[in-house]
Amino acid sequence: MRLDLTPDTRVGVSDRLRFETGPSGAAGQTLVVSPATGGWTVTDDADVLALLKRLDAHGPGPLGGIDASEDTVRHLYDRGLLQVDSAVRGTSASRPDAGLRLVSPAGAHNSHPVLGIFHVHNWCNLACTYCYTIEDGVPRDQLTAGLMCKAVDELVGMPTRFTSFEFHGGEPTMAMPAIREVTEYAERVYAAAGKRVVFSIQTNAYNLSPETCDFLAEHHFSVRVSLDGTADTHDEFRLDHAGKGSYRGVVRGIRRLQEKGIAVHAVCVVHIGNVERVVEMYDSMAALDVASIRFLPVFSTGKAGMADWLTGERYLKAYLGVVRHAARLGRDGGTTVPLANLQAGELGSLRSFKREYMCMRNPCGAGVNMITVDTNGDVYPCEEMVGKPEFVAGNLRDRTIPEMLETSPVVAQLKSRHVEEIDECSRCTWKQLCHGGCVHKSYTHFKRLDRESEHCSYYKGVYRELIWLEATEPGSWEALAPTTRAGAGR
């Protein structure tokens, strides 16, 4: 929408702005951030900086009296740094000062679940040393196909255009008869309703059978495979029940999937035992022709304790190493395997006021855009909350999903969580980009919902570093963008 500007148009800053001089190599550039809106810019224009600093110090004034071109005002308004006639751009979670009207882009999300995750059972053919899903001594349990189909019936009735169903375990491919039944049922139900349904699976891919790969290909599954880098970094922690490494069997499964035309997305857990080798791990996974790589820092739950955990500073240092490595590969004309969570999360937040990545918005997707059904029928707002009784919204055996989401106290708490009401977040420059981080990880670490991310220091550093990476080495963001890779499948 083009702004109609006149000499009487009142112009001011969107918030008390933060100014930061660039590092060496930034050629005298300055980073300007509006904490309230998530708006930012990098500039070396002395007139622009003088304008922003004057308005920041003295408050709004008529355009005719501030000596700024209309194009400059429009640009800074679009960036979320200026208010124009009491309107300001920001994220949907921005809370502008009284009297300001928030202009926020519509996102793809809404108030109903579009993702249903099934924990089909709680056992696995591997025994990874830091697994947070499978607890020792817990009896085997399996979610029935009947309960999963009940969830399908309730989610297809939501006022949404599509639903994604995702199968987790344990190792979900050990329950393929149930997955086949639910997948085929969902396809029939959604076709009858004139809606779209898609499927995904999180698997270790260990010695996947050709028959399983055929089924996943036939039904166009998105497949994420747990793979921790090189043969030795993987085998040190991802063991079978005899204590032997699983890398060869996992690669065998990946190759079978790729032979069927399935794009394999690697998920790699980073912990104290492999944090020094993330660049090497990235290269090793890229050499397997995976379609994307998702690095995830281990968190302290299940078998993983604080001995495995990484501080935000330590994870930031490691992750920036692989980000710079991948960007350099792309800038030099090589093939970069996309860092999936960086693209959707941190870079997505920097590029737009939209917050389509449900794990980094306010409120997050837990109980809003997603639900998870555990093996006993318990419904949780988020997949990572499974196993914590305090997060159970109800049970699918005796209640419906809409009833649970409308009446659950914990879902209400999650929906009301806001960065402006978290002490550490409310003062932070980057609060409208990370939105406080993952609420479940905050709870796991601090035992409270109203706390900042356990990796707060990571978020305080990563946005700044990504901005200066692009400013000092232009083309880095484009180099990190997803690319089509030969052999990567659909």
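In the predicted model, the side chains of Arg464 and Glu20 meet in a salt bridge, with an N to O distance of 2.7 Å. This pair links distant parts of the chain, since Arg464 belongs to helix α17 (residues 456-472) and Glu20 to strand β2 (residues 18-21), and the two residues stand 444 residues apart. Arg464 is partly exposed, its relative accessible area being 25%, and Glu20 is likewise partly exposed, with a relative accessible area of 23%.

Helix α17 takes part in a further pairing through Glu465, which forms a salt bridge with Arg324, the closest N and O atoms being 3.0 Å apart. Glu465 lies in helix α17 and Arg324 in helix α9, so this salt bridge ties together parts that are 141 residues apart in sequence. Glu465 is partly exposed, with a relative accessible area of 32%, and Arg324 also counts as partly exposed, at 36% relative accessibility.

Helix α9 also contributes Arg314, whose side chain meets that of Glu276 in a salt bridge with an N to O distance of 2.3 Å. Because Arg314 lies in helix α9 (residues 312-331) and Glu276 in the loop between β13 (264-270) and α8 (278-286), the pair ties together parts that are 38 residues apart in sequence. The two partners fall into separate accessibility classes: Arg314 is partly exposed, with a relative accessible area of 21%, whereas Glu276 counts as exposed, at 64% relative accessibility. In addition to these pairs, Glu70, Asp71 and Arg74 are linked in a network of salt bridges, and a search of the whole structure finds 21 salt bridges.

The arrangement of helices α8 and α9 was examined next. Their axes come within 8 Å and cross at roughly 45°, which makes α8 oblique to α9, and the crossing of the two helices is right-handed. On the side of α8, the contact is made by Val278, Val279, Tyr282 and Asp283, while α9 supplies Ala318, Gly321, Val322, His325, Ala326 and Leu329. By class, the contact of α8 with α9 has seven nonpolar, two polar and one charged residues.

Taken together, helix α9 is thus described both by its contact with α8, made through residues including Ala318 and Leu329, and by the salt bridge of its residue Arg324 with Glu465 of helix α17.

How values were computed:
Residues numbered from 1 in each chain as written. Predicted model: local features only at pLDDT ≥ 70, side-chain atom pairs only at ≥ 80, totals over all residues. Heavy atoms only, no water. Salt bridge = Lys/Arg side-chain N within 4 Å of Asp/Glu carboxyl O. Helix = DSSP H or I, 4+ residues; strand = E, 2+ residues; numbered from the N terminus. Buried < 20%, exposed > 50% of the residue type's maximum accessible area, 1.4 Å probe, protein only. Axes fitted to C-alpha atoms, helices over the stretch in contact; angles between N-to-C directions. Parallel < 35°, antiparallel > 145°, perpendicular 65-115°, else oblique. Left-handed = near helix turned anticlockwise from the far one by under 90°. Contact = heavy atoms within 4.5 Å. Nonpolar A, V, L, I, M, F, W, Y, C, P; charged D, E, K, R; others polar.
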